[in-house]
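Subject: Handover of a protein structure

Dear colleague,

Please find below the structure that I am passing on to you, together with its sequence. My findings follow it.

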Amino acid sequence: MQLNRKKSFFRGMLLAGIIMSFYGLLLKSHYATDSYAVYFNSDNGALQSARYTTFVFLKTLNFFNINVIKTQGIWTFLAILLLSYTIFTVAEQISETLGVETELQYCAVYAASLLLALNIAVLEWFLFPEVVFPYVLGLFCAIKAALMVSTSSKVSCFNWIGAFVLLLIGISTYQINLCFYLGAAILLCVLKTSIGLSKKTTVHIVNIFVCGGLAGLANVLLQKIVNHLCNIGNTDRNSVLSLHILHKNTIEILRHQYNIWIKGSELVGPSQFLFLIALIFLTMFSLEKLPNRSKLYLFCILMTTYIMSYIFAIVATFVWLSPRVLVGIYVFLFVFANICIYGLVTYRKHNKIWAVFIVAIGLFLVHTYSCGHGIIMDHFINNAVDQEYARQICYEIDKYEKENNLEVRTIAVGSDSQIAWKNAGVDRMAYNVNERAYLNDWSDVSLLNFVSNRLFIRKNMTDEQYKRYFQQTDWTQFDPSEQLYFEGDTLYWVKY
């Protein structure tokens, strides 16, 4: 027993080291587009988005005069530790459920569990330093809820209520954490019953879905109540239950499948699709002796897990499939990989088959690791280019103030006809990953404030003002003589 504990400890340390090496670069100060706004104002829209745990986290720091951006290294470090512990807990529970015996089998389970942590979806969480800790805390709560409803032989009232509370906390940090709960809970339930369909198993799975459904419904109801009490109108982040919206969003999600699987959301290429193909063949081979009824049951479980990946996108006002909302894809791969491991443990014990699985998942993780580090490097480049642009504008402001003995207080912002989404020198950019800070009205002037340590008042430039002060409609580089116009205490600025 003591030897097993030592081995478990070293496996945990190795796993934590891998996760730290992947995300450790982000212990250095870095900024997402939201970060510049949050630097001055702790309201990042969490309340309007029904992310109440995140809202409380930011407001608590603000109450104690702790700037979440200035102290981001602490929160990122704690997020890495908590993520490592969560993945370790999952891996150990799956190992125990499967009854793995050899170090090769442990290696396979730990590698499969790493799919939950080493991916571009969770990486985008870490690119937003102001929210990464509550988001990972929500992931932890979702996984703990899954363990509570899936590991015991009978779901007790205490376990069910405890899981509901934990899950509500988890999805109130970020609703997409529901995917972690559903994937982990269903997987453990299926593995515990050796992929056997029975009345007891069906009741257990129904309990899992009821707990998840009620927690999700509670979050939606809370949003409606809080929005009413706080006089918050409808926003583009509200959930909408409409047949028209469901149909439209479903079609849109189906259209995105090529980009998600073949292009890897423009960030990791077709590696996810290739790994999925490998899993399909390995699982078919490893579960060849499984009864046909169980195969059909397993297929339904996998399809349900995948469909659940888009549960919030389907009811959203509009579909925005940035990697951070696609954690369900990696939960699906995690479930698929562990079912394959079950087949290998139960029916195919030959080490050569295990080696093929280890090579397949190892190559996928290494490729993801490499792409992730490339995204992080581009993230720092993006920050540097954005801030240099801001410094040049601030230089022009200082020069104008000295020459005219005036103080600029207001910045009226306009955009040219085709504003650039990506900075020159940045290779990996998609959706909100490494987007220019000047795309958004909440981050453009906020970045100027951040660089200058001033508080300029932002307002939108009118069409009449644009036509009056500016001749050109499209630029490809910064030209202060053409894109900046000063009048009194106001700077008129056109973003290119």
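I begin with Ala-50, which lies in the loop between α2 (33–40) and α3 (52–63). Although Ala-50 is not a glycine, its phi is positive, at about 65°. The residue has a relative accessible area of 0% and is therefore buried. Please bear in mind here and below that this is a predicted model.

Confidence

The mean pLDDT of the protein chain is 92, and 96% of the residues reach at least 70. Among the elements, the highest mean value, 98, belongs to helix α6 (residues 120–127), and the lowest, 84, to helix α15 (residues 311–314). As a general caution, predicted coordinates should not be read in detail where pLDDT is low.

Other positive phi angles

Glu-266 also has a positive phi without being a glycine, in this case of about 70°. Its position is the loop between α12 (257–261) and α13 (271–286). Is Glu-266 buried or partly exposed? Its relative accessibility is 44%, so Glu-266 counts as partly exposed. A further positive phi, near 60°, belongs to Asn-453, which follows α18.

The sheet

Four strands make up an open sheet with mixed pairing, in the order β2-β1-β4-β3. At its edges stand β2 (457–460) and β3 (484–487), each of which pairs on one side only. On average, and with direction ignored, neighbouring strands of the sheet are turned by 25° against each other.

The mixed character can be followed at β4. Strand β1 (residues 410–415) pairs with strand β4 (residues 490–495) in the parallel sense, over 6 bridges. The pairing of β3 with β4 is antiparallel and runs over 4 bridges. Which residues stand opposite Tyr-492 of β4 in these pairings? Ala-412 is one of them, and Tyr-485 is another. Between β3 and β4 the hairpin has 2 residues, and Gly-488 in this hairpin takes a positive phi near 60°.

In a regular strand, side chains alternate between the two faces of the sheet. Strand β3 shows this alternation: Leu-484 and Phe-486 are buried and point to one face, whereas Tyr-485 and Glu-487 point to the other face and are not buried.

An enclosed helix

Helix α18 (residues 444–452) is largely enclosed by the rest of the structure, because 7 of its 9 residues are buried. The buried residues of α18 are Asp-444, Val-445, Ser-446, Leu-447, Leu-448, Asn-449 and Phe-450.

Salt bridges

How many salt bridges does a search of the whole structure find? The search finds 14. Several deserve individual mention.

In helix α17 (residues 351–404), Lys-399 and Glu-396 lie 3 residues apart, about one turn of the helix. An α-helix has 3.6 residues a turn, so residues three or four places apart point the same way. Lys-399 and Glu-396 form a salt bridge, with 3.5 Å between their closest N and O atoms. The two partners differ in their cover: Lys-399 is partly exposed, with a relative accessible area of 34%, whereas Glu-396, with 16%, is buried.

Helix α17 also takes part in a second salt bridge, in which the side chains of Arg-454 and Asp-398 meet at 3.9 Å, N to O. This pair links distant parts of the chain, with Arg-454 in the loop between α18 and β2, Asp-398 in helix α17, and 56 residues from one to the other. Both partners count as partly exposed, Arg-454 at 21% relative accessibility and Asp-398 at 36%.

A third salt bridge joins the side chains of Arg-409 and Glu-407, again with a distance of 3.5 Å, N to O. Arg-409 is partly exposed, with a relative accessible area of 48%, and Glu-407 is likewise partly exposed, at 43%.

Finally, Arg-11, Glu-92 and Glu-103 are linked in a network of salt bridges.

A nonpolar surface patch

Leu-27, Ile-74, Phe-77, Leu-78 and Leu-81 make a nonpolar patch of about 400 Å² on the surface. Of these, Leu-81 is found in helix α4 (residues 72–98). Its relative accessibility is 42%, so Leu-81 counts as partly exposed.

With kind regards

How values were computed:
Residues numbered from 1 in each chain as written. Predicted model: local features only at pLDDT ≥ 70, side-chain atom pairs only at ≥ 80, totals over all residues. Heavy atoms only, no water. pLDDT = per-residue confidence, 0-100. Pairing = 2+ DSSP bridges. Axes fitted to C-alpha atoms, helices over the stretch in contact; angles between N-to-C directions. Patch = residues over 30% accessible without salt bridge, like charges linked within 9 Å, V, L, I, M, F, W, Y side chains within 5 Å. Areas by Shrake-Rupley, 256 points an atom, 1.4 Å probe, with all protein chains shown as cover. Salt bridge = Lys/Arg side-chain N within 4 Å of Asp/Glu carboxyl O. Buried < 20%, exposed > 50% of the residue type's maximum accessible area, 1.4 Å probe, protein only.
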